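Biologist: Please take me through one part of this model closely, choosing a place where helices pack against each other, and then set that part in its surroundings.

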Amino acid sequence: MAMKQSIQKRAGVTILAWIVAFLIFFPILWTFITSFKSELDAIAMPPKFLFFNWTLENYAEVQERSNYLRYAFNSIVLSIGANVVGLLIAVPAAWSMAFAPGKRTKDLLMWMLSTKMMPAVGVLVPIYLLFKNLGLLDSLWGIGFVLMLLNLPILIWMLYTYFKEIPVDILEAARMDGASLFNEILYVLTPMSVPGIASTMLLAIILSWNEAFWTLNLATSNAAPLTAFIASYSAPEGFFWAKLSAASTLAIAPILILGWFSQKQLVRGLTFGAVK
Amino acid sequence: MATQQVTTAGRILVAPSVILLFAWMIVPLAMTLYFSTLRYSLLDPDSSAFIGFQNYTSFLTDPDFITALLNTLILVASVLVISVCGGILVALLMDQPVFGQNVLRLMVIAPFFVMPTVSALVWKNLLMNPDSGLFAWIARSLGFSPVVWFTNYPMLSVILVVSWEWLPFASLILLTALQSLDEEQKEAAQLDGAGPLSYFGYIVLPHIARAITVVILIETIFLLSVFAEIYVTTSGGPGVATTNIPFLVYKQALLNFDVGSASAGGVIAVVLANIVAVFLMRIVGRNLEG
C-alpha cells in the first residue's frame, strides 16, 4: 500500500472506532445486562455494571405474568406467514416484469414503489373502519394481510433486481425444451435465485417483525405481536426495569441475529437498488 | 407465437400484485378523501353530512395542527442532521482498516434491528430516567444535576431516541458507498499531497453525494411517520409538545372518534410525503434506466 500509516495513528483510529461502536451498541448491551438483575439492582445507584447476583428469574416472570410466548407466537406467525404469502404473489409478478416486460413495466414498478411512500396515517381511518365492520380488528388474518401488503412492493422490487441478473437465455432454453411457464418458474428460475429469494425474505421478515404502526393500531390483545407487548410496559406498575429488559431482550434477539446476516441485502432492499 | 404467449402470461402473473396494491392504497385513499369532506363522528355516525372543505379549514387553523406540523418538521430535520452527519463520521471511521472491523460493523448496525417500542422504552427508562437512569448517574458523577429528559425536553428526548435508531441506517448505506471508492483515486490524491480535508471535500463527498441524497429521502419518508416512539414515551405530550402529524391523526381518529377531521389530517400527511417522494422516485427511476 502506498499509504504508510504510523503505528500510533493506526492504534488511535482503532481505539476511536471501538469507542464509537461501543457507544452506539451500548443501550442494547445495557438492556441485556439489566435483564439478569433483580428489580432492586436494576435501579441501584450507582449502577451495577457486572457485579451483582445474576438471575434468570425475570425471564420466568415475564412468561408467567404476561404470557410472553403467545405474543412471540403471534410475531412469528405474522412475520413469516405474511411474507410467505407475499412471496407467492411477488415471484410471478417479478418474473413477469424481469422477463416479459411490456411498455408500461417501468411505470408499473415505479407505481408499486410509490405505494410504499404513502404514509400510513393517510389510510388509517378507512382501513380501521373497514376492519371494524368486517370483524378483522385484533385478528391474525387481518393484521397479517396488512403486513403482507406493506411488504409486497419491497418483495417485488428486490426479486426484480435479483431476477434481472439471471441470463434470459437459460429460461428460454427451458422454454424451447417444452417446459411450461409454471415449470419454468418453479424448476428453473426459483432454484437459480434461491440466495436472492432468501435474502429478500430475511429483510421482509425483519421489517414485519418490527412494524409498529399497524400492529399497535389494529391489534389489542388476541392478535397482538411483540411490538404491542412491549408497548404495554409504557404504563407499568411498580419496579419493572429488569422485566422490561428481559422482555426486550427476548423480543429483539432473534431479529438481531437475522439482521446481522442480512446487512448487505438490507442496503439493496431499503434503497430500492439506488445504492449498491 | 411464443413471445405473444409470454407477454400474455406476464400480464396475468403481474395482475394479482397490481390489484392488491391498488385495493390497498388507492381505494382507502379515495375513502380518506371522501371522509375528509364529511362531518362524521364515530360517536354519532347517523348525523354525518357533507361539509365540503370545513374539516380542512378547521384542521389547518387549529393551533394544535400548526404545532404538530412544526413538531413533525423539527423531528425530521433534527434526526436527518444528526444521523447524516454522524453517519458520515461513523462510515469514515468504519472504512478504516482497523482491528475487528466486522465485529464493529455488527455493533454499529444493531440498533436498526431493534423494534421501535423497545428502543423508546429502554431509552426512556434505563437511560434517561432522572432518578435511576444511567445518564442521571453520569451527570451526578460529573457534578451536574440530572436532566429530567421527557418532562423538560420532551422533543429533544424523542429526537435522541429516533436518531439512535436511524444513525446505523445512514452509517451502513454511506459505508457501502464509501467502499466502492476507487483505491487508485485514493492513492492519486495521496500522491498529489491532498490533505485530509481537501481529500474529503473533493474526492469522498462527491463520491457519496448520491448515497447521502438517497439516505435523506428514505429517512424523510420514514421520519414523517414516526409513531410508536411517541406513543410509548410521551403520548404526544406534555400537552402537544411532541405531537406530530401521524400522532395527531391517530388521536383524532381513535381517541376523539372524529373521522372527518382525522381524514383531513391524513390527506395533509399524504401531500407532505408526496413532495419528498417525487424527488426519491426521480433518483430511483434514473437508476432504473442505467
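**A helix crossing and its surroundings**

Modeller: The crossing of α10(A) with α13(A) is left-handed, and it should be read with the caution due to a predicted model. Helix α10 of chain A spans residues 194-210 and helix α13 of chain A spans residues 241-261; their axes come within 10 Å and cross at roughly 150°. From α10(A), the residues that take part are Leu202(A), Ile205(A), Ile206(A), Trp209(A) and Asn210(A), and they meet Ile255(A), Leu258(A), Gly259(A) and Phe261(A) of α13(A). Sorted by character, the residues of this contact comprise seven nonpolar, two polar and no charged.

One residue of α10(A) deserves a separate look. Leu203(A) has its place in this helix, and it counts as buried because 23 C-beta neighbours fall inside 10 Å, the cut-off being 20 or more. Leaving aside residues up to four places away in sequence, Leu203(A) touches Ser262(A), Gln265(A), Leu266(A) and Gly269(A). A further relation is with Met158(A), which is 45 residues from Leu203(A) in sequence while their C-alpha atoms are 9.8 Å apart in space.

Turning from the crossing to the chain that holds it, chain A is divided into domain 1, residues 7-57, and domain 2, residues 68-270, and the centres of these two domains, taken over C-alpha atoms, are separated by 33 Å. Nine residues of domain 1 of chain A are in contact with seven residues of domain 2 of chain A. On the domain 1 side, the elements that contribute two or more residues are α1 (7-34) and α2 (39-42) of chain A, with α1(A) giving the most, three residues. That side of domain 1 divides into three nonpolar, four polar and two charged residues.

The largest nonpolar core has 172 residues, and those with the most contacts inside it are Ala94(A), Leu159(A) and Ile173(B). Helix α7 of chain A, residues 140-163, supplies the largest share of this core, 16 residues, and at least three residues are drawn from each of domain 1 and domain 2 of chain A. Ile173(B) gives a view of how the chains come together, for, apart from residues up to four places away in sequence, it touches Val267(A), Thr271(A) and Val275(A) as well as Ala211(B), Val214(B) and Val215(B).

Taken as a whole, the contact between the chains involves 87 residues of chain B and 85 residues of chain A. On the chain B side, the largest share, 18 residues, comes from helix α1 of chain B, residues 2-35, and the residues of that side divide into 70 nonpolar, 16 polar and one charged. A single example from chain B is Leu254(B), found in helix α12 (residues 245-255) of chain B, which, not counting residues up to four places away in sequence, touches Tyr128(A) and Asn217(A). Leu254(B) is partly exposed because 15 other C-beta atoms lie within 10 Å, a count between the limits of 12 or fewer for exposed and 20 or more for buried. Within its own chain, Leu254(B) has its C-alpha atom 9.2 Å from that of Leu42(B), although their positions lie 212 residues apart along the chain.

Chain B also offers a helix pair to set beside the one in chain A. Helix α3 (residues 63-94) and helix α10 (residues 196-223) of chain B pack at an angle of about 145° with their axes 10 Å apart, and α3(B) passes α10(B) in a right-handed crossing. The residues of α3(B) in this contact include Leu75(B), Val76(B) and Val79(B), while those of α10(B) include Ile212(B), Val215(B) and Glu219(B). By character, the residues of the contact between α3(B) and α10(B) divide into nine nonpolar, three polar and one charged.

Two loop residues flanking α12 of chain B complete the picture. Ser235(B), in the loop between α11 (228-233) and α12 of chain B, has a positive phi of about 50° although it is not a glycine. Phe257(B), in the loop between α12 and α13 (259-289) of chain B, likewise is not a glycine and has a positive phi of about 55°; Phe257(B) counts as partly exposed, with 15 C-beta neighbours inside 10 Å.

Definitions and conventions. Residues are numbered from 1 along each chain as its sequence is written. Chains are lettered from A and ligands numbered from 1 in the order in which they are written. This is a predicted model: local features need pLDDT of at least 70, side-chain atom pairs count only at pLDDT 80 or more; totals for chains, interfaces and linings use all residues. Domain bounds come from an automatic or database domain assignment. Two residues are in contact if their C-beta atoms, placed from the backbone, lie within 7 Å. Helices (H or I, at least four residues) and strands (E, at least two) are DSSP runs, numbered from the N terminus. Ala, Val, Leu, Ile, Met, Phe, Trp, Tyr, Cys and Pro count as nonpolar, Asp, Glu, Lys and Arg as charged, and the others, Gly among them, as polar. Axes are lines fitted to C-alpha atoms, for helices over the stretch in contact, and angles run from 0 to 180 degrees between N-to-C directions. A crossing is left-handed if the near helix is turned anticlockwise from the far one by less than a right angle, and right-handed if clockwise. A nonpolar core is a set of buried Ala, Val, Leu, Ile, Met, Phe, Trp, Tyr and Cys residues joined through C-beta atoms within 7 Å.
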